[in-house]
Amino acid sequence: MDRGLSTSTRIDDEGLRERNVASQSTSTLSPEALTATGDVELKDKTGKDCKTFGRTPDGTVFTVPQTHDMVSQLLSPSEPKNLSDVIVLAILGAHILLLWQLPTGAKVPVFAIIYLFWRAAYNAGIGWLLHNQSHHKTLVRWAEKTKVFVNPATGKNPHPNVYNFFKRELETKIPHDYSFDKAPIEYNTWLVFRRLVDLILMCDFVSYCLFAIACSHHPVNERVLMTVLRWSAGIVLVLFNLWVKLDAHRVVKDFAWYWGDFFYLIDQELTFDGVFEMAPHPMYSVGYAGYYGISLMAASYKVLFISIIAHAAQFAFLVLVENPHIDKTYNPPPSRKRSAEQETVSVSSRTAESPIAPTPIDEQTPHAPTFSSSPPQSVHELLGFHNLDLYRITDTSSVLIQFLVFALTVLTPSTPWYQFLFVANAAVWRLWFSIGVGYMLHRQSNHKAWTRHFVKYGETPQEAWNQWKGTYHLSMIMCYASFIAAVWKMYNFPADWGYGLVLLRHVLGAGLISLQIWTSVSIYESLGEFGWFYGDFFFDGSSKLTYNGIYRFLNNPERVLGLAGVWGAVLITSSGAITFLALLSHILSLAFIQFIERPHMQKLYGQSLRQDAGLVKSLKKSLPPTLRQLHGSVDKIFDESFEFIEEIIETARPKLANGVNTFVKDTTALFQSYPARVTISRIDEDLAGYDSRDYSLEVEGTDSSSLAEHDQSTGREGANARMPLDRRGDLKNLVFEYGAPIQVKWTAPLNHSKKDWIGLYKVTDNTSREVTRVSSQGRWIAVNEGAYDNLTCEKGIVKSDVVIKATQQQDGDKRDLATGEVIFSGDKLFWTQGVFEFRYHHNAKHNVMAISRPFEIRIGRYEEEDDHELTQASVEKSLLPVIRNCFDRDPEIAPEAVDESFGSLVERDGKFAKRVVFAVHQMFGVEFAPGVVQADGTVRNLAWRVCNAKRVLRLDLRGLNLVLKTGLIPSASGSAYLEYEPSASLAAARSSPKSLIPPSSALKLACTVHGPKPLPRSATFSPNLVLTTHIKYAPFAARKRKGHIRDASERDLGVHLETALRGVIVAERWPKSGLDITITILEAEDDRWWGDAPDSHDAPWGMMNVLAGCITAASAAISDARIDCLDLIAGGVAAIVADESEDGEAKPKLMLDTDPAEHKAILSACVVAYMPSRDEITEIWLKGDSSKALLGPDDKRSGHEALLDGAVDAARGAHSVLAEAVRESAERFAGLAPGGGATQ
């Protein structure tokens, strides 16, 4: 009935909001754009009536006759009357007579029950009928099955009396331009449905009024002035309600008033004016003002509470019934463009203007971070309980802070001192939230100060945006949490709820709080996360501004409605302190809008800012000319006053910060529809006439049986279990692809019930093979069309009741049988892995006649040992068919190629993304959020994300053998011992060496720190700590014996180590002091490959690993010596190697923490000293030539970039062991642990 939905409109090229109308390419009808929908009387240029044309779902075009509203039909003497009108009037009269006859004490409870019954019939009964009509065409199917609209002369109507009754009733009500026999069945069904609606709505309203009369009374000791005000306000609200209903009916007419688009559509364009520009869903929001007016006139809390219940039920009807249908009918997702079309689209068209805020530009290939002025696409949003993520520091801080505030509120007494403290705290946080945040936005608007700060440290604008969101979010939470705490302290529980206006104040206060919550939710739905956090202060916005959602009616809803809950708290508490907080909050909010948001919006959007919102326009139209002139004068005074204040603030400096209102498109998620469930389980009486051997089911699907064969060859099973199966027939295990459609062929006797159906179940769900005792949950298909009252259960029927002659049967049976095929796909499948079966059921019940062979749904998984071979091309090849299955192989959304974008329905319906997320998790062991799939938009982007996640999450096998201990040398200020155990790949070489000295892949070294200690008197004055490093190989540490005097390589290592440590030690803490760091290498890794190939004698690569170990050990020893540092520093090594593969080709490959003894050819290597907490590198040593190294077709990084990234990743792995060793050192120093050490 209520058609003023923002979700059911579209935005044309001029930025105007219009209703989406289903395109009819075959229709040549082009009437002028109408001001209303439905049965309107239009005049053409000659003054003649224009016809209104309707269109049924099958494309039938018919003339829609003119009808009238229910009140005119029932009460107007000029309108023709029929038997149904008499019945409705008689029922209404019975209600009135019942009120007259009932005793006084029984009137209120009886009419409360009567009204609640009619309200339930309205919202629940009509809602259920409309829901089924929208999803399954149930009412039309009932009419088709019963054939009540078929002429009895044809001999096909079994109910001629009902036909004659309907024909007489409807033709009496519509004497012109209507023929009962020629009208489409959808239109006739709608007319019959109207009569039921007339009865329910009229009884609903009349019973409410009679209940109000039964409850009405004059309050004791009420003054005359209060009585006059109460009745005046009530009458005004009732008159306003009447105007809303009349104006809404003028706009939508009978077609939308009686939910006509659930049955057929009108070939007209729609524009909404009048009351639909005044409020969202006017008939369901402000259209219920009369209920509260009647409550005032009745002076009864009972009427008020039952009005609130009715209003809430009406909103539930809107959300659960009307909005999903409007989304499906008038706001379908746009068609997806194919790859060929996308290549021809210009950049300007891809970045076309969008409502409120610009959409992100096409994503760059995510191989390297790029600085962009476009807003980032939100995946992991911040607001809402469903977005709460305790792994995110902002959410964790928010929860802990609120818990702390409310714990202090509850545990502290409500004395005057504590009350003052909590009120002052709330005032401070409100000042910070308005003035402090406003100042930061002002700096960001004029100077990009916030973004510049993060860019200065190498961060991206996206990181600055994320940090700002966290700051604003925490400030907002503290502002309102402190206010709620102050309200708690100032609130006193009423001793007598019936005294004075106590109960009314609480009801009105709760209503205002609900209004603020609804306003905030509506603002967030209109603006999105981008607009809520003032995104166009940080990213370039569109130069054109359009309005949708709540902003269609109000320019700044937060100006008044945004703080309604604050004034609701004032009503509830009746406290002067809370009134002060509310007044302060409102003044600061108005100042924020006027001096911060408004200037920024004018600078950003200019002339596209509108002066008057829809509500203001409606009010101005209703004012007489004299009041319009007065309103213009008042506006001029206010504008001049604000300009004067702005000039004062401009000259006074610093001025308040600017602000912005930026909006994004209205989005409403589609409600997922399911067919009716069959849950009743009972034995049918006629089962004795059927033989279960005549029933059978055969299953066919996309075969994935190779997965089972692969599992048997993995070696995880025993020796006997890996042998081929000894089959006693030609049947093989059925293993199907995840999400692929499954075809089911059935056979049954010729006399089988037309209501037989086939359901899909897990094998383990049913313990009985005779009766199914669990619900199918919508995963079922009827075997014949037209047997059920919904269309959903018929989706998937391929053919039915094809006769198989006895001579065609292979088993030699002499009876003819019927066969058919159905296909299970989409929502009728289980979107998980497991073993399933199909069950054939008899006559709409749960008696099982046949069960199919069990089959398995499985997703192929990449083995961990194959991860190093994972390339983006192979991931794309594996993902494409899986994603197509997840998208139901729908050509509108399922991509044909890896670079083809997903359809827009993927963004609107989250079930598709959830299917893909599950499949990726099972295939690659990487878990993503559904929003990631929607943000990536193509298979290629998702494949890159999978490869990158696998690379980031991959564990370095060598790092698992790192041992680091501290405090082993008591005479030193600090000490550490580091050891890399030999890798498993060289175990065979060590056990049977080809040379006298076996290859070594272990690294063992000891580090001691002495100091800080005073410098000698002869030393030059130094304001900072003087650092000395000394690295020495033990004579037996390497293949080539070292001398007692340090050689050039050892001195070079010392210089690199000193450079790395200077960037981490806080040297200014120890002037005129020295620090000696000595490292003894007990066992060093080989410098080169240990084979006998002639090209194995290359550069000494083992020194790179030695330096990385020295850096990590020195950091642990320095921490053990209690020397202040900026951060722990860890060493990491990465190398590009070119080992021969099985095909004999040497392919470059990036390896972390490389052991030179394992690789024949190392092209280049890099070692870094890295501080993870500060994300800084203090030393880089790069060796070799990586300019010609091609890492692969999917890796676009240069060799140097890949080396640096890999070395940092290796350092992060060593840092975890280093942090554990330092922690144990601190515990030992504090006496908490007897010894220290860490092993990973």
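Where in the chain does Asp69 lie? In this predicted model, Asp69 is found in the loop that runs between strand β6 (61-64) and helix α1 (70-75). Because its relative accessible area is 24%, Asp69 counts as partly exposed, the cut-off for a buried residue being under 20%. The residues that Asp69 touches, leaving aside those up to four places away in sequence, are His249, Asp254 and Tyr258. With Asp254 the separation can be given in two ways, since the two residues are 185 residues apart in sequence, while their C-alpha atoms are 6.5 Å apart in space.

Tyr258 leads on to another part of the chain, for Tyr258 is touched by Asp69 and also by Val197. Val197 has its place in helix α6, which covers residues 185-215, and it counts as buried because its relative accessibility is 0%. Not counting residues up to four places away in sequence, Val197 touches Ile126 and Trp259 as well as Tyr258. The C-alpha atom of Val197 is separated by 9.6 Å from that of Ala121, a residue 76 places away along the chain.

It helps now to look at the annotated stretches. According to an unreviewed UniProt entry, the annotation "transmembrane region" covers several spans, among them residues 108-130, 199-219, 390-411 and 560-593. In the model, residues 108-130 are 100% helix and 0% strand, with end C-alpha atoms that lie 32 Å apart. Residues 390-411, by comparison, are 86% helix and 0% strand, and here the end C-alpha atoms are 25 Å apart.

Further along the chain, helix α17 (residues 564-573) packs with helix α18 (residues 576-605) at an angle of about 170°, and their axes are 9 Å apart. The two helices are therefore roughly antiparallel to each other, as angles over 145 degrees are counted in that way. The crossing in which α17 passes α18 is left-handed. On the side of α17 the contact is made by Val566, Trp567, Ala569, Val570 and Thr573, and on the side of α18 by Ile578, Thr579, Ala582, Leu583 and His586. Sorted by class, the contact of α17 with α18 has seven nonpolar residues, three polar ones and no charged ones.

Finally, one can step back to the whole chain, which has 30 helices and 27 strands. Of its 1240 residues, 47% are buried, Val197 being one of the buried residues. Among the contacts between residues at least 6 apart in sequence, 75% join residues that are at least 24 apart.

Notes:
Residues are numbered from 1 along each chain as its sequence is written. This is a predicted model: local features need pLDDT of at least 70, side-chain atom pairs count only at pLDDT 80 or more; totals for chains, interfaces and linings use all residues. Side-chain values use heavy atoms; hydrogens and water are left out. Helices (H or I, at least four residues) and strands (E, at least two) are DSSP runs, numbered from the N terminus. Buried means under 20% relative accessible area, exposed over 50%, partly exposed in between (1.4 Å probe, protein chains only). Contact means heavy atoms within 4.5 Å. UniProt positions are given in the numbering used here, feature names are shortened, and annotations may be inferred rather than shown by experiment. Axes are lines fitted to C-alpha atoms, for helices over the stretch in contact, and angles run from 0 to 180 degrees between N-to-C directions. Angles under 35 degrees count as roughly parallel, over 145 as roughly antiparallel, 65 to 115 as roughly perpendicular and the rest as oblique. A crossing is left-handed if the near helix is turned anticlockwise from the far one by less than a right angle, and right-handed if clockwise. Ala, Val, Leu, Ile, Met, Phe, Trp, Tyr, Cys and Pro count as nonpolar, Asp, Glu, Lys and Arg as charged, and the others, Gly among them, as polar.
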